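Q: Could you take me on a close look at the ligand site in this model? I would like to know what surrounds the ligand, and then how the other empty spaces in the structure compare.

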Amino acid sequence: MSELSNIGVIKDILGRHGFTFSKALGQNFLINPSVCPRIAELGNAGKGFGIIEIGTGIGVLTCELAKRADKVVAIEIDERLIPVLEETLSDYDNVKVINADVMDVDLKTLIDEEFSGLEVAVCANLPYYITSPIIMMLLEKRLPIRSVTVMVQKEAGARLCAKMGSRDMGAVTVAVNYFSEPEILFNVSRGSFMPAPNVDSCVVRFNIKDKTPEGVADEAFFFRVVRAAFSQRRKTLANSTASGLSVDKAAVLSAIEECGLASNIRPEQLSMDQFIAFAKALRPKV
Ligand code: SAM
């Protein structure tokens, strides 16, 4: 169905289905017709690709993905939207809708069962209450996917795509850069949504790396160190890591010294290689 980003069409469909927006589920639907085609085109929706979409709403992005990709599997938590989607996606025979919380779906099995012989990518206008957990889940599971292209809040996009070693970075920046090459694609104003959120948005793409960085023997410990390092903003690496991991500050300082770093260095000043070296030096001391 066309014109799913037209306010009149949306109001008519939602009215006929008695649908009311749920703030708790992050339901801000796109009403700017130029955005979904761009997400689909930049998100690898094309011949030879299967696309996983998270959070369909009434299917405005789903349609653009279905027009371009071989197959779309769309996961939507809100069962009230299922009859709406039966109507709006009726023109497409290459879309499967799954009514579930994406965090409960076994995506590895889904990819094996639904996308045999296809390359796979994820595209979504994400619900903002759960942006980072969804992105981290997609990356940490090491799914056989080419890219993750998602709309997020502008501030979240800046943090996710911050350069390593820059002021904007946080634990999630390190994690995202470990698994992928992140980039901000374009900005989207708050007026592009119904209802309009209080913040602007941007579309980001994570190009999944074939290989994660070398030198991390214990990945779980590495990410514990990264989270601890950023657990207290504006503190030094030594102070925040010691308190975040509940270890002696002297042990942390000795690891910092072993890596040739200044004792008062802040976590946002470290490169990926320096984080890897720091976690390696700290491992035997905790
Ligand atoms: N794609 C639509 C659009 O662009 O208009 C809707 C985007 S809206 C920001 C987010 C959608 O994600 C909503 O439809 C919401 O019901 C759904 N959602 C929220 N939490 C979810 C979850 N845990 N798993 C799957 N879908 C979820």
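A: Happy to! Please keep in mind that this is a predicted model. Let's start with a backbone contact: a backbone N or O atom of Thr 56 lies 3.4 Å from a nitrogen atom of the ligand. Gly 55 also takes part through its backbone, with an N or O atom 2.9 Å from a ligand nitrogen. Val 102 adds another such pair, in which a backbone N or O atom is 3.0 Å from a nitrogen atom of the ligand. The ligand has 600 Å² of accessible area on its own, and the protein covers 99% of it.

Now for the shell as a whole. There are 23 residues around the ligand, and those that come nearest are Leu 30, Gly 55, Glu 76, Asn 125 and Tyr 129. Gly 55 is thus in that nearest group as well as making a backbone approach to a ligand nitrogen. Sorted by class, the shell holds 12 nonpolar, seven polar and four charged residues. Two strands, S1 (29-30) and S3 (71-76), each bring at least two residues to this shell.

What kind of space does the ligand take? It is the largest cavity, with a volume of about 390 Å³. The lining of this cavity counts 31 residues, and Gly 55, Thr 56, Glu 76, Asn 125 and Pro 127 are the closest to its centre. As for the elements, S1, strand S2 (49-54), helix H3 (60-68) and S3 each give two or more residues to that lining. In terms of class, the lining of the largest cavity is made up of 20 nonpolar, eight polar and three charged residues.

Let's turn to the rest of the empty space. Rolling a probe the size of a water molecule over the atoms shows where empty space is left. Across the whole structure, the search finds two cavities of 30 Å³ or more. The second largest cavity holds about 40 Å³ of space. Its lining consists of Ala 229, Phe 230, Gln 232, Arg 233, Arg 234, Lys 235, Pro 267 and Glu 268. By class, that makes three nonpolar, one polar and four charged residues.

There is an open space to look at too. The largest pocket contains about 260 Å³. Of the 14 residues that line this pocket, Lys 23, Gly 26, Gln 27, Asn 28 and Pro 197 lie nearest its centre. The pocket lining divides into seven nonpolar residues, six polar ones and one charged.

Finally, here are two backbone details you may like to inspect. Most residues other than glycine have a negative phi, and most peptide bonds are trans. Met 194 and Pro 195, however, are joined by a cis peptide bond, with omega about -15 degrees. Pro 195 belongs to the loop between strand S8 (193-194) and strand S9 (201-208). Arg 142 has a positive phi, near 50 degrees, although this residue is not a glycine. You will find Arg 142 in the loop between helix H6 (131-140) and strand S6 (147-153).

Methods: Residues numbered from 1 in each chain as written. Predicted model: local features only at pLDDT ≥ 70, side-chain atom pairs only at ≥ 80, totals over all residues. Heavy atoms only, no water. Near = heavy atom within 4 Å. Polar contact = N/O pair within 3.5 Å; in protein donor to acceptor, adjacent residues only side chain to side chain. Areas by Shrake-Rupley, 256 points an atom, 1.4 Å probe, with all protein chains shown as cover. 1 Å grid on protein atoms, 1.4 Å probe; cavity = no way out; pocket = protein on both sides within 12 Å on 5 of 7 lines; lining within 4 Å. Sits in = over half its atoms within 2 Å of the grid points. Helix = DSSP H or I, 4+ residues; strand = E, 2+ residues; numbered from the N terminus. Nonpolar A, V, L, I, M, F, W, Y, C, P; charged D, E, K, R; others polar. Points joined across faces, edges and corners; volume = space filled by probe spheres on them.
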